[in-house]
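Please examine the sequence and the structure shown here. The report that follows describes selected charged and buried positions.

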Amino acid sequence: MRSTFRIAVSLAALITFTVGAAACGDNQESQPAATSGPTTPTGSASTLPSTLPTSAETLIEVSVADGRVSPSPDRRVEVTQGDNVRIVITSDQADEVHVHGYELEAEVDAGRPTTLEFVADQPGSFEVELHELDPGLLFTLLVR
């Protein structure tokens, strides 16, 4: 009787391990990373999505040297409304950067990168400029 019980327990453990491993999948590259979603009070899976949508991120780098903006200040950078925007400004002179419409400002120290990060949640056209540079336009941000 004891042998039969041990075999049954071993078999149950083997089946549980095999089914669990098959459910997880061996190929990590083809499986998206999942986050744990909320559960109902009974512990069963909720009908809510298990992963949240992610926003795109746009990195915009600008440098100012000898009063010249690079890339060109005539540049227009287009992003989608809801995207995360990261602006990195490096200047050889201390100044203050301003994102019009979003009313974001930050001090720019000479020779040190300054980063502004925000969600582009307002549609429109927004100038990004330095206050002391003449003309101060770094680029125009287009949020669509």
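Where is the place of Asp95? Asp95 belongs to strand 5; strands here are DSSP runs of E with at least two residues, helices are DSSP runs of H or I with at least four residues, and both are numbered from the N terminus.

This is a predicted model, in which local features need pLDDT of at least 70 and side-chain atom pairs count only at pLDDT 80 or more, whereas totals for chains, interfaces and linings use all residues. Residues are numbered from 1 along each chain as its sequence is written, and side-chain values use heavy atoms, with hydrogens and water left out.

**Overall architecture**

The protein contains 1 helix and 9 strands. Along the sequence these elements follow the pattern α-β-β-β-β-β-β-β-β-β. Of the 144 residues in the protein, 25% are buried. Buried denotes under 20% relative accessible area, exposed over 50%, and partly exposed in between (1.4 Å probe, protein chains only).

**Strand 5 and its contacts**

Asp95 is buried yet has no salt bridge. The nearest side chain of opposite charge to Asp95 is that of Arg68, 15 Å away; for this purpose Lys and Arg count as positive and Asp and Glu as negative, while His and the chain ends are not counted. A polar atom of the Asp95 side chain does, however, lie 2.8 Å from the backbone nitrogen of Glu132.

His98 is also located in strand 5, which spans residues 95-99. Is His98 buried or exposed? With a relative accessibility of 7%, His98 counts as buried. The side chain of His98 makes a polar contact of 3.1 Å with the side chain of Glu103. A polar contact is a pair of N or O atoms within 3.5 Å; within protein, one must be able to donate a hydrogen and the other to accept it, and residues adjacent in sequence count only if both atoms are side-chain atoms.

**Strand 6 and the negative patch**

Glu103 is also one of the residues in a surface patch of negative charge, together with Glu105, Glu107 and Asp109. Such patches are made of residues with over 30% relative accessible area and no salt bridge, like charges being joined within 9 Å and nonpolar side chains (Val, Leu, Ile, Met, Phe, Trp, Tyr) within 5 Å. Glu107 lies in strand 6, residues 104-108, and is exposed at a relative accessible area of 54%.

Ala106 is likewise found in strand 6, but Ala106 counts as buried because its relative accessibility is 15%. The C-alpha atom of Ala106 is separated by 5.6 Å from that of Glu96, which is 10 residues away along the chain.

**Salt bridges**

How many salt bridges does a search of the whole structure find? The search finds 3, a salt bridge being a side-chain nitrogen of Lys or Arg within 4 Å of a carboxyl oxygen of Asp or Glu. They are listed below.

| Pair | Closest N to O distance |
|---|---|
| Glu57 and Arg86 | 3.6 Å |
| Arg144 and Glu78 | 3.4 Å |
| Arg86 and Glu117 | 3.2 Å |

Glu57, Arg86 and Glu117 are linked in a network of salt bridges. In the bridge between Glu57 and Arg86, Glu57 comes from strand 1 (residues 57-65) and Arg86 from strand 4 (residues 84-91), and the two are 29 residues apart. Glu57 is partly exposed, with a relative accessible area of 47%, and Arg86 is partly exposed at 29%.

Arg86 also bridges to Glu117. Because Arg86 lies in strand 4 and Glu117 in strand 7 (residues 114-119), this pair ties together parts that are 31 residues apart in sequence. Glu117 is exposed, with a relative accessible area of 52%.

The remaining pair joins Arg144 to Glu78. Arg144 is in the segment after strand 9 (137-143) and Glu78 is in strand 3 (residues 76-79), so that the pair links distant parts of the chain, 66 residues apart. Arg144 is exposed at 58% relative accessible area, and Glu78 is exposed at 51%.

**A buried position in strand 1**

Ile60 is placed in strand 1 and counts as buried at 2% relative accessibility. Between Ile60 and Ile89 the C-alpha to C-alpha separation is 8.4 Å, with their positions 29 residues apart in sequence.

Technical notes
Accessible areas come from the Shrake-Rupley method with a 1.4 Å probe; for residues, only the protein chains shown count as cover. The place of a charge is taken as NZ of Lys, CZ of Arg, CG of Asp or CD of Glu.
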